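Here is a short walk through a two-chain model, written to be read with the structure open beside you. Let us begin where two helices from the two chains meet.

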Amino acid sequence: MEVIADEIADSEPVAAEAIKTNFYMDDFLKSVPTLEEACRLRCVVHGALASAGFRLRKYVSNSRELLATVDREGVAVTPVELLPETRVTVLGLIWEPDKDEFCVKLNLPILVDEKVTKRLILSFTARIFDPLGFLAPFVIRFKVLLQKIWAEKFEWDEIVSVENGKEFSELTSTISVLSSFSIQRPYSLKGKVIEQKLIGFCDASERAYCAVLYLKSSCDDGSSDVYMISAKTKIAPVVKLNRAPSSEENITIHRLELMTATLLTELTQRVSGNLNLSLENADVFSDSQVTLLGWLAKKPEFMCVIA
Amino acid sequence: MRNRVANIQKVLPSERWRYCRSRENPADLGTRGISARELAASELWLRGPDFIKENCVSSFGLSVSDLDGNASAIANTQAIQNCFFANARDEGATFNVSSFCRLQNIVARILRLKVPREFEGLWRYFITRIE
């Protein structure tokens, strides 16, 4: 694949770059602003790979026009078949090409009078596949619940306490609401995008901490769109139970706020790398005054290192 | 802790960090956890708080309005802080030193009057910047 890309690099630099960076195993995923670019890119990439014996098949697009240019056996869904309810799995997420929205895959078992054990809860939680964190505020409740059960030292197949069991059934009973949950794929629908900017938020509570990142696209007509790109949550580390709560081991909220700032920084760095965005104009927000004013707002040169 | 701060500042320097109110912070939802129904309907989570949609973001100034006090003083502080941060943005390039310092001074004084003892660290920060 790299060789093919290098071969066409001189005549078709865009397509060569796309072949190098937009293949995910054997799937080619690429998004371009206009239909003409898309058609051209498809033709070039298809031609280049076909010449080496790799015939790209099963095309899917949110554009009927593009699909119409692909020969019949090459498409997964013909333009006529592209119905609003058509769904394709893209890297574990569900994509509805016609509406151009992402959904989260929830193939969850239906629980009927089952014994609620730590094993069951963990298996249920692990089935929610949400790599970009769209459902993070909901999924964190499962994580917090699991941590609580862990702290209570339950065995894998032991039935959890009534209170925890109730919490779990309450969470699972409402989860079906999320099967209709969808998030728009394009980051902007209006005019030409002139500026893109990352905006991050972080927060911590005594149970968990969370970082979430938005992309703000400003268009040439002065309007702007803000969409969530990614979120990450972690549960707060458990304080060692055998130590006195007042001892040094106890993790303070301020420390958690700093951990969440670190988490946000990592997330921002990763996303900006993936989307080719500059960190120069990223804005990051926290609601912790101690973290901000006391630590992060200080210029690095005033920081003294204590060995 | 210092290492962590240093690592953060390597990627996102101090000028990039801003304050926002808890209730406008979408990450707050992620730490408290919300129900499936709330999540599906949450504009805050999916589209972010309203203030980021506007073009100029100067929400550092909002910190004071969270505190109790008389309304006009708050409005006053807010106005001063807004222009204070408008100025702060140009810091390093071509900002007017005397007016910037004056603004800082005013802000620091107001903060000292208004801010309760728990937030002592906050106004001390402004004062030290002036010194």
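Helices α8(A) and α1(B) are roughly parallel to each other, a label used for angles under 35 degrees (over 145 counts as roughly antiparallel, 65 to 115 as roughly perpendicular and the rest as oblique). Their axes cross at roughly 30 degrees and come within 10 Å. The model you are viewing is predicted: local features need pLDDT of at least 70 and side-chain atom pairs count only at pLDDT 80 or more, while totals for chains, interfaces and linings use all residues. Residues are numbered from 1 along each chain as its sequence is written, and chains are lettered from A, ligands numbered from 1, in the order in which they are written.

**The helix pair**

Helix α8 of chain A covers residues 253–274, and α1 of chain B covers residues 2–11. (Helices are DSSP runs of H or I with at least four residues, strands runs of E with at least two, numbered from the N terminus; axes are lines fitted to C-alpha atoms, for helices over the stretch in contact, with angles from 0 to 180 degrees between N-to-C directions.) The crossing of α8(A) with α1(B) is left-handed, that is, the near helix is turned anticlockwise from the far one by less than a right angle.

Which residues in α8(A) meet α1(B)? A:Leu258, A:Ala261, A:Thr262, A:Thr265 and A:Gln269 do, and they face B:Arg4, B:Asn7, B:Ile8 and B:Val11. A contact here has C-beta atoms, placed from the backbone, within 7 Å. This helix contact has four nonpolar, four polar and one charged residues (Ala, Val, Leu, Ile, Met, Phe, Trp, Tyr, Cys and Pro are nonpolar; Asp, Glu, Lys and Arg are charged; the others, Gly among them, are polar).

**A sheet that spans both chains**

Strands of both chains build an open sheet of five, in the order β9(A)-β8(A)-β7(A)-β10(A)-β1(B), with mixed pairing. Because β9 (224–235) of chain A and β1 (17–19) of chain B each have a single partner strand, they stand at the edges, with one side of each left without a neighbour in the sheet. From one strand to the next, the twist averages 25 degrees. Pairing requires at least two DSSP bridges; β10 (residues 283–286) of chain A and β1(B) have three, in the parallel sense. There, A:Ser286 has B:Tyr19 as its bridge partner, and A:Phe285 stands opposite B:Arg18.

Two helices of chain A lie across this sheet:

| Helix | Strands it lies across | Angle |
|---|---|---|
| α6(A), residues 136–151 | β8(A), β9(A) | about 5 degrees to β9(A) |
| α8(A), residues 253–274 | β7(A), β8(A), β9(A), β10(A) | about 155 degrees to β7(A) |

**The whole interface**

In total, 59 residues of chain A are in contact with 44 residues of chain B. The chain A side has 40 nonpolar, 11 polar and eight charged residues.

**How far to trust it**

The predictor gives the complex an ipTM of 0.72 and a pTM of 0.71. Chain B has a mean pLDDT of 60, with 40% of its residues at 70 or more; pLDDT is the predictor's confidence in each residue, from 0 to 100. Among the elements of chain B, α2 (residues 27–32) has the highest mean, 88, and α5 (residues 71–89) the lowest, 44. Over residues 56–101 of chain B the pLDDT is below 50, and over residues 116–131 of chain B it stays under 50. Where pLDDT is low, the predicted coordinates should not be read in detail.

Methods. Contact = placed C-beta atoms within 7 Å.
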